[in-house]
Amino acid sequence: MSLGITIVSHVPEIAAGLPKLLKQVAADVPLTYAGGTDDGDIGTSMEKINQAFDDNSADEILAFYDLGSAKMNLEMAQEMSEKTIHLYDTALIESAYTAASLLQAGVSLKDVEEQLKPLKVK
Amino acid sequence: MSLGITIVSHVPEIAAGLPKLLKQVAADVPLTYAGGTDDGDIGTSMEKINQAFDDNSADEILAFYDLGSAKMNLEMAQEMSEKTIHLYDTALIESAYTAASLLQAGVSLKDVEEQLKPLKVK
Amino acid sequence: MTMALTVDNLIEWINNFSQKVNEHKDYLSELDTPIGDGDHGNNMARGVNAVQESLTNKKPAELTDAFKQVAMALISKVGGASGPLYGTAFLEMAKKSKDTTDLGELFTAANEGVKKRGGAKVGDKTMVDVFEPLAEKLTQGLLEQSEIDEAVEGTKDLVAKKGRASYLGERSVGHLDPGAMSSGYLFSALIETEGIL
Amino acid sequence: MTMALTVDNLIEWINNFSQKVNEHKDYLSELDTPIGDGDHGNNMARGVNAVQESLTNKKPAELTDAFKQVAMALISKVGGASGPLYGTAFLEMAKKSKDTTDLGELFTAANEGVKKRGGAKVGDKTMVDVFEPLAEKLTQGLLEQSEIDEAVEGTKDLVAKKGRASYLGERSVGHLDPGAMSSGYLFSALIETEGIL
Ligand SMILES: Nc1ncnc2c1ncn2[C@@H]1O[C@H](COP(=O)(O)OP(=O)(O)O)[C@@H](O)[C@H]1O
Ligand SMILES: Nc1ncnc2c1ncn2[C@@H]1O[C@H](COP(=O)(O)OP(=O)(O)O)[C@@H](O)[C@H]1O
Ligand SMILES: [Mg+2]
Ligand SMILES: [Mg+2]
Ligand SMILES: [Mg+2]
Ligand SMILES: [Mg+2]
């Protein structure tokens, strides 16, 4: 069972930029992202999130988001996806970075989640 | 005494993208950012941070950052700046968004800081 | 004596709603400015225009399909929090429409969906403050414009607990909730649709 | 009998350091891979090359200027956490060099600066684990390569408490700290500089 990460942000640049930070410490962790609305404006898109889940080579995904409305689209995509999607209400950048470093080091999902707990901010 | 925000990220795209999210809710709050190293690689640059402080039209600045090494460069820039710089060890995106909405609504620094407290994650 | 919901009057209802949203687009965005990001009118207009395009391109054969088409267009095109929320409302109506055409029951299901999706309850200064009391009125066969106005106006004095406005806490008091206003249009559009109620 | 620190042997020392960093660039980045982001060698190489350029372009007249030029080049060019840390170390030496040329005192000041800048203490698996014991050895006039090796090697069994490696917690054990290694080169370069100790 492989574990991957999906980043969801209202801003296309943030969604595309964060994986660059994560790649540095997690070259082997499958990373995908969804940023902005269908038209590339500020917002989120359930379809883009769906696509990011599909494009991720892992079959179990840790998903991180910025603001509340992203979470609603994430949950709709989660309900539609065949993959197991874990959603975290944690600080986007900080928790994605933590998860990426730990997954790269081969840490189990349970232990990753333990380290994400103090990063819950929403 | 006007209040502004400066965003510091290791990734140029994140630094440039986050203000787009903030501008939506805080059109009148002075916002500047510093992202990446001098060469535009992943990292931070004290000089870029300095410049972001200078370019900010406010004379008192709330500064937010992503990872620990950004904080060190921020502190060096803070020591060199003539402005009053407040540094927060809070979730970058979430706390910058909170601060921006509140400053736009005319909330005092003290009250903003009160609302930032639960967002401390580093 | 409630008259029947049909594909035709559903489309008319949705067209009425679209017209109101487009007419009041700037007002909805204005309401969203002090306590949000100022895009609710643009979001909703983008959404309802996509809905109209969808219903025109492919006229639904069944009520369930009609509700689904509305939901999918809103989910795809709105972009803001109101997208998954209105989308969920119409998806729940689509599901429920397999068993009933009663608008009270349909809106009760829609309201439950919105509450589950967004985690808001009555009093949180959201569209739930319009959906919940008016679903009740529909069930009682008592929906009137004055009730709609009252529900929308009632959000003014509330402290926002969900969505972007919640960041402002107490400072959100004194402003109408934009999503409550657009929801008000959805119910008004119902009243203005001949033979649906 | 400590010999004097001069602008000339300071430059020679820094040149020796630069050479070591460039020589072991890939090794430093390799050390940074399992417990960091794999860039420490590149960061330090970029930094020391900028230092050499600065010292060549403008030969400093005074020790204080020399330390300052080194600091500023590192601060500008390193890019990672090690930039402000080494930068602070050399800035503190610049300040201290107004009062003394004693390397023990200079490195004690440098170590205090690094600790203050990064918040690390001995045992946190950082460059402080090299700076602090070796500043002490310098003060006692007892700096030797074996002491340097021991300090660097000692970071292997530690749990990282600061910097990127700290995200891995217990899993950082078994790996040398890259910043400790590059700091080791700084002290080795000192030993290899004629007449400075
Ligand atoms: N969690 C929630 N539950 C219920 N309604 C919500 C929630 N979050 C936001 N809303 C509604 O959505 C409206 C804002 O919609 P919109 O401006 O389109 O989205 P966004 O806030 O993403 O820009 C609010 O006025 C409120 O009625
Ligand atoms: N807070 C800190 N205090 C002291 N030393 C630190 C701290 N953070 C990092 N370091 C040192 O910096 C080294 C990493 O430097 P480098 O790889 O250049 O920076 P980055 O981690 O930003 O990529 C670590 O091996 C450690 O010795
Ligand atoms: Mg909005
Ligand atoms: Mg919006
Ligand atoms: Mg590194
Ligand atoms: Mg780095």
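Q: Which residue bridges the magnesium ion (ligand 6) and the magnesium ion (ligand 5), and how far apart do the two ions lie?
A: In this predicted model, D37(D) bridges the two magnesium ions, ligand 6 and ligand 5, which lie 3.6 Å apart.

Q: What makes D37(D) and D39(D) protein donors of the magnesium ion (ligand 6)?
A: An N, O or S atom counts as a donor within 2.8 Å of a metal such as this one. The OD atoms of D37(D) and D39(D) lie 2.1 Å from ligand 6. The 2.1 Å value falls within the 2.8 Å cut-off, so D37(D) and D39(D) are donors of the magnesium ion (ligand 6). Water is not among the atoms, so the site may look incomplete.

Q: Are D37(D) and D39(D) buried or exposed?
A: Both D37(D) and D39(D) are buried. The word buried means that the relative accessible area is under 20%, with only protein chains counted as cover.

Q: Which residues of chain C coordinate the magnesium ion (ligand 4)?
A: D37(C) and D39(C) coordinate ligand 4 through OD atoms, at 2.1 Å. That value is within the 2.8 Å cut-off, so these atoms count as donors. D37(C) also bridges ligand 4 and the magnesium ion (ligand 3), with 3.6 Å between the two ions. D37(C) and D39(C) are both buried.

Q: Why is the site of ligand 2 called shared?
A: Ligand 2 is surrounded by residues from chains B and D, so the site is shared between chains. Of the 22 residues around ligand 2, the nearest are D37(D), N43(D), A81(D), S82(D) and D177(D). A residue joins this group if one of its heavy atoms lies within 4 Å of the ligand.

Q: How do you know that D37(D), D39(D) and A81(D) make polar contacts with ligand 2?
A: A polar contact is a pair of N or O atoms within 3.5 Å. A side-chain N or O atom of D37(D) is 2.9 Å from an oxygen atom of ligand 2. For D39(D), a polar side-chain atom also lies 2.9 Å from an oxygen atom of the ligand. A polar backbone atom of A81(D) is 2.8 Å from an oxygen atom of ligand 2. These values are within the 3.5 Å cut-off, so each pair is a polar contact. Of the 570 Å² of accessible area that ligand 2 has on its own, the protein covers 95%.

Q: Which helices each supply at least two residues of the shell around ligand 2?
A: They are helix 3 (68–80) of chain B and, from chain D, helix 3 (40–57), helix 5 (82–96) and helix 9 (178–191). Helix 9 of chain D gives the largest share, three residues. By residue class, the shell holds seven nonpolar, nine polar and six charged residues.

Q: Where does ligand 1 lie, and which residues come nearest?
A: Ligand 1 lies between chains A and C. There are 21 residues around ligand 1, and D37(C), N43(C), A81(C), S82(C) and D177(C) come nearest. The shell divides into six nonpolar, nine polar and six charged residues. Helix 9 of chain C supplies the largest share of this shell, three residues.

Q: What makes D39(C), G118(C) and G179(C) polar contacts of ligand 1?
A: A polar side-chain atom of D39(C) lies 2.9 Å from an oxygen atom of ligand 1. A backbone N or O atom of G118(C) is 3.0 Å from a nitrogen atom of the ligand. For G179(C), a polar backbone atom is 2.9 Å from an oxygen atom of ligand 1. Each value is within 3.5 Å, so each pair counts as a polar contact. The protein covers 95% of the 570 Å² of accessible area that ligand 1 has on its own.

Q: What helices and strands does chain C have, and why is the chain called as compact as a globular protein of that length?
A: Chain C has nine helices and zero strands. Its radius of gyration is 15 Å and the globule rule gives 16 Å for 197 residues; the two are close, so chain C is as compact as a globular protein of that length. Buried residues make up 55% of the chain.

Q: How do you know that chain A is as compact as a globular protein of its length?
A: Chain A follows the pattern β-α-β-α-β-α-β-α-α along the sequence. Its radius of gyration, 13 Å, is close to the 14 Å of the globule rule for 122 residues, so chain A is as compact as a globular protein of that length. Buried residues make up 63% of the 122 residues in chain A.

Conventions
Residues numbered from 1 in each chain as written. Chains lettered and ligands numbered in written order. Predicted model: local features only at pLDDT ≥ 70, side-chain atom pairs only at ≥ 80, totals over all residues. Heavy atoms only, no water. Polar contact = N/O pair within 3.5 Å; in protein donor to acceptor, adjacent residues only side chain to side chain. Areas by Shrake-Rupley, 256 points an atom, 1.4 Å probe, with all protein chains shown as cover. Helix = DSSP H or I, 4+ residues; strand = E, 2+ residues; numbered from the N terminus. Nonpolar A, V, L, I, M, F, W, Y, C, P; charged D, E, K, R; others polar. Donors = N, O, S within 2.8 Å, 3.2 Å for Na, K, Ca; no water. Buried < 20%, exposed > 50% of the residue type's maximum accessible area, 1.4 Å probe, protein only. Rg over C-alpha atoms; globule rule 2.2 N^0.38 Å.
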